[in-house]
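This report reads a single protein model from the outside in, taking its open and enclosed spaces together with the residues around them. The sequence and the coordinates come first, and the discussion follows.

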Amino acid sequence: MITFALPSAERGVVQGEGGTTVTEQQSPGPWESAVDPRLNTGVPQVARIYDYWLGGKDNFTADRFAGQEAVAAFPGIRLSAQANRAFLRRAVRYLAGAEGIRQFVDIGTGLPSTDNTHEVAQAVAPGTRVVYVDNDPLVLAHARALLTSKPEGVTAYLDADLQDTDAILKQAARTLDFTRPVAIMLLAILHYVPDLAEARRIVATLTGAMPAGSFLVISHAGTDLLPEDVAAFEQSLNVHLPADRHHVARPRDVVTGLFDGVDLVEPGLVRVSDWRPDSPAEAATPTILWGGVARKN
Ligand SMILES: C[S@@+](CC[C@H](N)C(=O)[O-])C[C@H]1O[C@@H](n2cnc3c(N)ncnc32)[C@H](O)[C@@H]1O
């Protein structure tokens with residue numbers, strides 16, 4: 001089932017095609033009337049482990065266990081996750097500010113945290129429209145926190161798998177105008193697509209559907225950033241993940257290849273901590289993630 005939360009201007013529940021369900025931003029959604037059968041608190045989930053590393057409360061014993069094992073393998077993972085959130089904040093602020101972007105698709109949203117994409121963008125431009133996409137049932141359950149749009153803008157939530165690119169594009173088009181520039185955010189998600197060809201297809205399909213003037217933002221674990229730590233971290237985490245969802249870090253040149261067809265803005269693909277840091281402390285934060293922002297010309 002794909003569930004989609006729509007702008008307040010389009011109130012009500014709408015049956016979409018292919019079993020999709022569309023709900024608006026304020027009224028109760030289907031997650032409030034029944035427990036999602038996919039919600040298995042005994043099996044660690046990436047969104048909840050990441051929440052644990054960030055010091056959040058939306059995680060369970062199994063997630064904390066897996067998260068602690070990963071911390072033991074690579075103690076810097078918490079700081080690396082924080083560096084990634086700081087990169088998100090700076091990239092969105094740059095896009096909404098300097099580049100005037102008013103539409104975002106944030107895929108692999110994660111559990112609500114500080115400085116969610118719509119909060120950062122709407123602080124710059126209140127009319128910004130944001131579509132969030134994730135496939136985790138707990139993220140869906142917390143979608144209400146992501147739907148606190150300023151009245152001038154819109155936030156919507158789509159419960160979908162990253163690999164369902166056609167469904168994502170079709171459903172997001174209910175909220176966004178794909179004849180106008182859009183920023184596609186793929187932060188700390190593509191390294192959960194073990195098949196590189198599939199990761200490349202996903203990025204190419206999404207960017208291919210956007211008009212010139214759109215942007216692509218990616219952060220991705222690098223085998224060539226703290227290599228021994230990354231290897232130990234990955235080995236620890238993958239014990240808990242199904243093989244087709246394994247964490248697969250990639251070298252910088254491969255991550256650069258995900259930006260084929262779009263042009264990286266300065267400073268190019270760098271450690272997320274080095275992408276236009278606000279302070280020396282931000283720049284000094286250890287991270288295992290490459291990050292970049294690119295324009296489709
Ligand atoms: C590490 S978190 C990153 C969260 C956020 N993007 C950030 O960078 O702070 C990865 C998120 O991607 C989601 N995710 C992983 N694989 C996915 C897939 N195939 N389809 C949709 N979401 C996915 C997880 O549920 C999780 O919320």
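How many nonpolar, polar and charged residues does the lining of the largest pocket have? By class, that lining holds 24 nonpolar, eleven polar and seven charged residues, in what is, it should be said at once, a predicted model.

**Overall composition**

The protein contains eleven helices and eleven strands, and of its 297 residues 55% are buried. Among contacts with a separation of 6 or more, 71% are made by residues 24 or more positions apart. The accessible surface comes to about 11,800 Å², and carbon and sulfur atoms account for 55% of that area.

**The largest pocket**

The volume of the largest pocket is about 900 Å³, and of the 42 residues lining this pocket, those closest to its centre are Val 46, Ala 47, Asp 134, Asn 135 and Tyr 192. Four elements give two or more residues to the lining, namely helix H1 (46–53), helix H3 (77–97), strand E4 (103–107) and strand E5 (129–134). The largest share, six residues, comes from H3.

**Nonpolar cores**

The largest nonpolar core has 52 residues, and the most contacts inside this core belong to Trp 53, Leu 95, Phe 104 and Val 293. Here H3 again appears, since ten residues of this core, the most from any element, come from that helix. Once neighbours within four places in sequence are left aside, Leu 95 is in contact with Gly 100, Ile 101, Phe 104, Ala 183, Phe 215, Val 217 and Val 293. A second, separate core of 34 residues includes Val 105, Ile 107, Ala 172 and Val 203.

**Two buried residues**

Is Leu 216 buried or exposed? Leu 216, which sits in strand E8 (residues 215–221), counts as buried because its relative accessibility is 1%, below the 20% limit for that class. With neighbours up to four places away in sequence set aside, the contacts of Leu 216 are Ile 184, Leu 186, Val 203, Thr 207, Leu 258, Phe 259, Val 262, Gly 292, Val 293 and Ala 294. For one of these pairs, Leu 216 and Val 203, the two residues are 13 residues apart along the chain and their C-alpha atoms are separated by 8.6 Å.

Val 272 lies in a loop, the one between strand E10 (270–271) and helix H11 (280–283), and counts as buried because its relative accessibility is 0%. Beyond the residues up to four places away in sequence, Val 272 touches Ala 83, Asn 84, Phe 87, Arg 90, Ser 219, Thr 287, Leu 289, Trp 290 and Gly 291. Val 272 and Arg 90 are 182 residues apart along the chain, with 10.0 Å between their C-alpha atoms.

**The enclosed cavity**

Rolling a probe the size of a water molecule over the atoms shows where empty space is left. A search of the whole structure finds one cavity of 30 Å³ or more, and the space in the largest cavity is about 40 Å³. Its lining is formed by Ile 184, Thr 207, Met 210, Ser 214, Phe 215, Leu 216, Val 262 and Lys 296, which divide into five nonpolar, two polar and one charged. Leu 216 is thus named twice in this account, once in the cavity lining and once as a buried residue of E8.

**Backbone geometry**

Most residues other than glycine have a negative phi, and most peptide bonds are trans. Which two residues are joined by a cis peptide bond? Glu 266 and Pro 267 are joined in this way, with omega about 5°, and Pro 267 is found in the loop between strand E9 (263–264) and E10. Two residues other than glycine with a positive phi are set side by side below.

| Residue | Phi | Loop | Relative accessibility |
|---|---|---|---|
| Asp 115 | near 55° | between E4 and helix H4 (117–124) | 30% |
| Arg 276 | about 45° | between E10 and H11 | 34% |

Asp 115 counts as partly exposed because its relative accessibility is 30%, and Arg 276 counts as partly exposed because its relative accessibility is 34%. The loop between E10 and H11 therefore holds both the buried Val 272 and the partly exposed Arg 276.

Key. Residues are numbered from 1 along each chain as its sequence is written. This is a predicted model: local features need pLDDT of at least 70, side-chain atom pairs count only at pLDDT 80 or more; totals for chains, interfaces and linings use all residues. Side-chain values use heavy atoms; hydrogens and water are left out. Buried means under 20% relative accessible area, exposed over 50%, partly exposed in between (1.4 Å probe, protein chains only). Contact means heavy atoms within 4.5 Å. Accessible areas come from the Shrake-Rupley method with a 1.4 Å probe; for residues, only the protein chains shown count as cover. On a 1 Å grid over the protein atoms alone, a cavity is a set of points where a 1.4 Å probe fits but cannot get out, and a pocket is an open set with protein on both sides within 12 Å along at least five of seven lines; lining residues have an atom within 4 Å of a point. Grid points are joined across faces, edges and corners, and a volume is the space filled by probe spheres set on the points. Ala, Val, Leu, Ile, Met, Phe, Trp, Tyr, Cys and Pro count as nonpolar, Asp, Glu, Lys and Arg as charged, and the others, Gly among them, as polar. A nonpolar core is a set of buried Ala, Val, Leu, Ile, Met, Phe, Trp, Tyr and Cys residues joined through side-chain atoms within 4.5 Å.
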